[in-house]
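Me: I'd like to learn how to read a ligand site and a helix in a model like this one. Could you walk me through it?

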Amino acid sequence: MIPLEKALKAVDRNIPRLGSERIALGDSIGRVLAEDIAADGDQPPFDRSMMDGFAVAAVDIADAPVTLKIVGESAAGHGWHRKVKRGEAVRIMTGAPVPSGADSVQRVELARSFFKGDEEFVEILESAKKGMSIVKKGSEIRQGKRLFLTAERITPQNVAALAAFGYARVRVAKRPRVAIFGTGTEIVEIGKRPGRDQIRNSNSTMLSSLASAFGASAEIFPNAKDDLASLKKQIKMASRGLDILITTGGVSVGKYDLTKAALTDLGADIFFEKVALKPGKPVIAARLGKTLVFSLPGNPVSAAATFYLFVRAAIVGMQGVKQTAMRTGTATLSEPVKAAIDRRTLTAARLENDASGRLIAIPLRGKGSSDLVSFARAEVFIDLEMDTQHAAGDLVRICYL
Ligand code: AMP
Ligand code: MG
């Protein structure tokens, strides 16, 4: 049994960097940048009005109410490109360029326009400071400045910034290609009704969803039976030419737990096979040819925990992400928890805010590592050092799923 930190380092050391490709921005959510993103122009590209109103010189309206002559109109996409002189105003819309000579915008609610003959005037009712309701050219970002760096993930929050600077296509790390299969004579496909002593293969779908969520392209292969020949054949087939193979089940010490034997027979280089971790003690990380192999426990919660710790690190690391550890934080315990005496312990929990706004971690009291029903509500793992216990109200470390 090796400590978790050691196991994580062993994985980190063995993560290759994948190449990159250019893809359409619209397909890039969840992918990792393989180029720095720079502003191709000032943002905003011109002094932009934040309001519908009148562009004026602030000094002209210092003694408001005052009446100015309306000399033109600046609309979004169609500006007014002469100079505003003293005593003049230009009607302006939100998003439109502020003409030169004007240095503030008074909003339409504080102005009253009227005709005198065929000339139009506006009475500005209140003064405005210089710069009022104007976003200055380049104040959000200057041309050439870098917005995002290689290895950052593209998210729904930052994709608009890439779009605004013309990155219709963007260079991203290639997707790690991941194969997944379950093992176990008892496992049947999810579309089938399990017979006597059988259960559905929930792990393969969970793991392929997780792998995809972190930017991999995942393919589910047929299950292997609990015999050496079937396992070896399946491992060989599913790992061919791929970056990562994930298997579940058959890693414990039972008579039919043959995954390690199969990997050894095939000549895999095994990094570790037992980690001081609960759940997830039996877990194999290895390399077979160029493929990283993760053989996770069969119990669904153990499979999820070991995926988040090891496989996720490999998937994001291959894409160039430097911080491969899970995102952590702290929360207050709603009830006592206890770690295993000899193992780092992850307890699935959900989060809530209490009346004073504190973040509360509520352990999901399930039936252990096979309980995928209670795990279905999990938002974090509470991360406990071995042989520790914590009371309700204690602050604990949480790892976000
Ligand atoms: P094993 O590690 O093979 O002894 O499996 C441990 C437990 O996980 C057993 O109860 C298995 O039936 C269950 N299990 C194994 N593989 C899967 C799977 N693909 N989906 C859901 N449960 C599984
Ligand atoms: Mg099994």
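Me: Let's begin with the shell around ligand 1: how many of its residues are nonpolar, polar and charged?

Reply: Happy to help, and keep in mind that this is a predicted model. Sorting a shell by class is a good start. Around ligand 1, nine residues are polar, three are charged and two are nonpolar. The shell has 14 residues, and the closest are Glu186, Asn201, Gly250, Gly298 and Asn299. Strand E15 (199–200) and helix H3 (202–213) each contribute at least two residues to this shell.

Me: Which atoms of Glu186, Gly250 and Ser202 lie opposite atoms of ligand 1?

Reply: Look for N and O pairs, and ask whether side chain or backbone is involved. For Glu186, a side-chain N or O atom is 2.6 Å from an oxygen atom of ligand 1. Gly250 uses a backbone N or O atom, 2.8 Å from an oxygen atom of the ligand. With Ser202, a backbone N or O atom lies 3.2 Å from a nitrogen atom of ligand 1. As for cover, ligand 1 on its own has 490 Å² of accessible area, and the protein covers 77% of it.

Me: Now helix H1: which of its residues are buried?

Reply: Here, check burial first, then direction around the axis. In H1 (residues 4–13), Leu4, Ala7, Ala10 and Val11 are buried. They span an arc of only 125° around the axis, so they sit on the same side of H1. Lys6, Lys9 and Arg13, on the other side of H1, are exposed.

Me: What covers the buried residues of H1?

Reply: The cover includes helix H6 (300–318) and several strands, among them E18 (269–274), E20 (282–288) and E24 (344–353).

Note on methods: Residues are numbered from 1 along each chain as its sequence is written. Chains are lettered from A and ligands numbered from 1 in the order in which they are written. This is a predicted model: local features need pLDDT of at least 70, side-chain atom pairs count only at pLDDT 80 or more; totals for chains, interfaces and linings use all residues. Side-chain values use heavy atoms; hydrogens and water are left out. A residue is near a molecule or strand if one of its heavy atoms lies within 4 Å of it. A polar contact is a pair of N or O atoms within 3.5 Å; within protein, one must be able to donate a hydrogen and the other to accept it, and residues adjacent in sequence count only if both atoms are side-chain atoms. Accessible areas come from the Shrake-Rupley method with a 1.4 Å probe; for residues, only the protein chains shown count as cover. Helices (H or I, at least four residues) and strands (E, at least two) are DSSP runs, numbered from the N terminus. Ala, Val, Leu, Ile, Met, Phe, Trp, Tyr, Cys and Pro count as nonpolar, Asp, Glu, Lys and Arg as charged, and the others, Gly among them, as polar. Buried means under 20% relative accessible area, exposed over 50%, partly exposed in between (1.4 Å probe, protein chains only). The arc is that of the directions from the helix axis to the C-beta atoms. Contact means heavy atoms within 4.5 Å.
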